[in-house]
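Subject: Structure handover and notes

Dear colleague,

Please find below the structure that I am handing over to you. I would be grateful if you could keep it open while you read the notes that come after it.

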Amino acid sequence: MLEQNFGHDNMALNGERSALSGLSDLRKEKAGEKENLWKKILAEVQSSDRNKLPAYKSILVLGDNESGKTTLIAKLQGNEDPKKGSGLEYAYIDVRDEYRDDHTRLSVWVLDGDPHHAELLEFALNEDNFEDTLVMLTVSMTTPWGIMDQLHTWASTLQDHLDKLNIDPDVLKEKQNRIIRLWQDYIEPGDELDASSPMKRSSRNLENEEDPVLPLPDNVLTRNLGLNVLVVVTKTDYMTTLEKDMDYKEEHFDFIQQSIRKFCLQYGASLFYTSVKEDKNCDLLYKYLVHKIYNFPFRTPALVVEKDAVFIPSGWDNEKKISILYENMHSMTPDDYYTDAIIKPQLVRKPVTRESEVQAEDEQAFLARHLQQLQAGGGGGPPTGPGVRQESPLRQPPAVVKSNVQRGVSSSPAPNQMGSPNKKIETAKPGTAGANEGVLANFFNSLLSKKTGSTPPPGTIKTGVPDKAAMRSDAAAELDRLTRSKKPSTTVSAETNNSSEC
């Protein structure tokens, strides 16, 4: 009996143990499933993050002042009221991926055109964002004679800044090889569908960093910065003005284009001709930027037909294609120095006529000078000098007028001295000077006769009221002058008659 009970107890104990172990296994299985669930969620989140548009990409814009940098970026932003700053400006462009329903902000740094601000580049381009930055060099068609100098100046400024950065040589070499592969792996849109097309390697090998770097053609990527470079020629609508006012022809624009394209070959850069005013290539520039930075699809081939809307993607161009432009050059050659072919016009400055300044005389000096003149004249005579108004000869003191009148009467010749009374004295004919003076004499006589009865007594002239006696004296003086001017003419006529009788 004891052995049987012991056996039953063992069986029960073993059953309990198996049940506990089964429960433990179930718990472990559930815990494992829970852990796998979290791993799955984390994996999905990580994969979704990888598919999202990165927010650390940026564009660095370099160019001279008045080259259209701010206006171009505002156009890409959709901003119709651009405001220009100074130093190093920051802006951003909203980038939206409609296919994945995602969006991000593309940072834009615009450096001032003054070369003294080059030290601010360290805030826009450094070791941390070197591989995530695209450089845009801008020049303006309003000053075509300075395009090449500006491109070389800003490229040298960028190179000097990169030399100061503490970039690992292996990392820099890797980025330079990547730029070479991007150049070599370019495929013209539409050619990738043709399996028999003898084009470059397939774009599927683009991310394969193990592929060997093939030799490049001559003069291609001779100055590889390890950065994506884009050259933008702004204000191409000004070409019509150059043709009209400066006699630019097709060969001038072809010479400019071939010079810029050779520069782009050296840096592996793309080329855009844009006009914000006429909205040329602005939308295409935006699509190409998001293609180069975010790998958005881009299906537009190179455009070289319209001279003011040129587009040449990186990897498409070569010296053979550039040589097509040489056919239109007749008065210049491709090897000519740039400024010898594209000459800067001489500015003709018109002389500025400025009015001579009038220096005011010191008040004390003015008074002292007049005091000396008064003292020199004994205090009795009127002051003279450039600042003193002289009396009019027709306006003389009454005493002088009276003496003149008396002198004129006493000095008038007697009738017997003027010749025979039977001879008629010639009078002035109408329309002559004598007739006009007679009219004036009658006018003054009538004026005197009207005002004789209203003559105020002496010493009763009111303040602010003109001196009527002086006015009459002036009139009398004028009458006397006219009378004396008439007498010589009549005397001459009488003498002429007497001589003829004799």
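The notes below deal with the cavities, then with two helices, and last with some backbone angles.

This is a predicted model, in which local features need pLDDT of at least 70 and side-chain atom pairs count only at pLDDT 80 or more, while totals for chains, interfaces and linings use all residues. Residues are numbered from 1 along each chain as its sequence is written, and side-chain values use heavy atoms, with hydrogens and water left out.

Cavities

The structure holds 2 cavities of 30 Å³ or more. A cavity here is a set of points, on a 1 Å grid over the protein atoms alone, where a 1.4 Å probe fits but cannot get out, and its lining residues have an atom within 4 Å of a point; grid points are joined across faces, edges and corners, and a volume is the space filled by probe spheres set on the points.

The largest cavity has a volume of about 110 Å³ and is lined by 14 residues, of which Asn228, Val229, Gly268, Lys292 and Ser314 lie nearest its centre. Helix H4 (169-184), S5 and H7 are the elements that give two or more residues to this lining; helices (H or I, at least four residues) and strands (E, at least two) are DSSP runs, numbered from the N terminus. By class, the lining has 9 nonpolar, 4 polar and 1 charged residues, where Ala, Val, Leu, Ile, Met, Phe, Trp, Tyr, Cys and Pro count as nonpolar, Asp, Glu, Lys and Arg as charged, and the others, Gly among them, as polar.

Asn228 itself lies in strand S5 (residues 228-234) and counts as buried because its relative accessibility is 18%, buried meaning under 20% relative accessible area, exposed over 50%, and partly exposed in between (1.4 Å probe, protein chains only). Leaving aside residues up to four places away in sequence, Asn228 touches Thr133, Leu134, Val135, Ile179, Leu182 and Lys292, contact being heavy atoms within 4.5 Å.

The second largest cavity holds about 50 Å³ of space, and the residues that line it include Trp183, Arg261, Ser314 and Asp317. Helix H6 (residues 250-267) gives the largest share of that lining, 3 residues.

Helices H4 and H7

The end C-alpha atoms of H4 are 23 Å apart, which agrees with the 22 Å that its 16 residues should span at 1.5 Å a residue, the expected span being 1.5 Å times one less than the number of residues. For the 13 residues of helix H7 (residues 282-294), the expected span and the distance between the end C-alpha atoms are both 18 Å.

Among the buried residues of H4 are Ile179, Ile180 and Trp183, and what covers the buried residues of this helix includes S5 and H6. Arg181 lies in H4 as well and is buried, with a relative accessible area of 6%; Arg181 and Gly315 are 134 residues apart in sequence, yet 9.5 Å apart in space, C-alpha to C-alpha.

Positive phi values

Most residues other than glycine have a negative phi. Glu66, in the loop between strand S1 (58-63) and helix H2 (69-77), has a positive phi near 65° and is exposed, with a relative accessible area of 57%. Leu221, in the loop between H4 and S5, has a positive phi near 55°, but counts as buried at 8% relative accessibility. Asn295, which follows H7, also has a positive phi, near 65°.

With kind regards

Terms used:
On a 1 Å grid over the protein atoms alone, a cavity is a set of points where a 1.4 Å probe fits but cannot get out, and a pocket is an open set with protein on both sides within 12 Å along at least five of seven lines; lining residues have an atom within 4 Å of a point.
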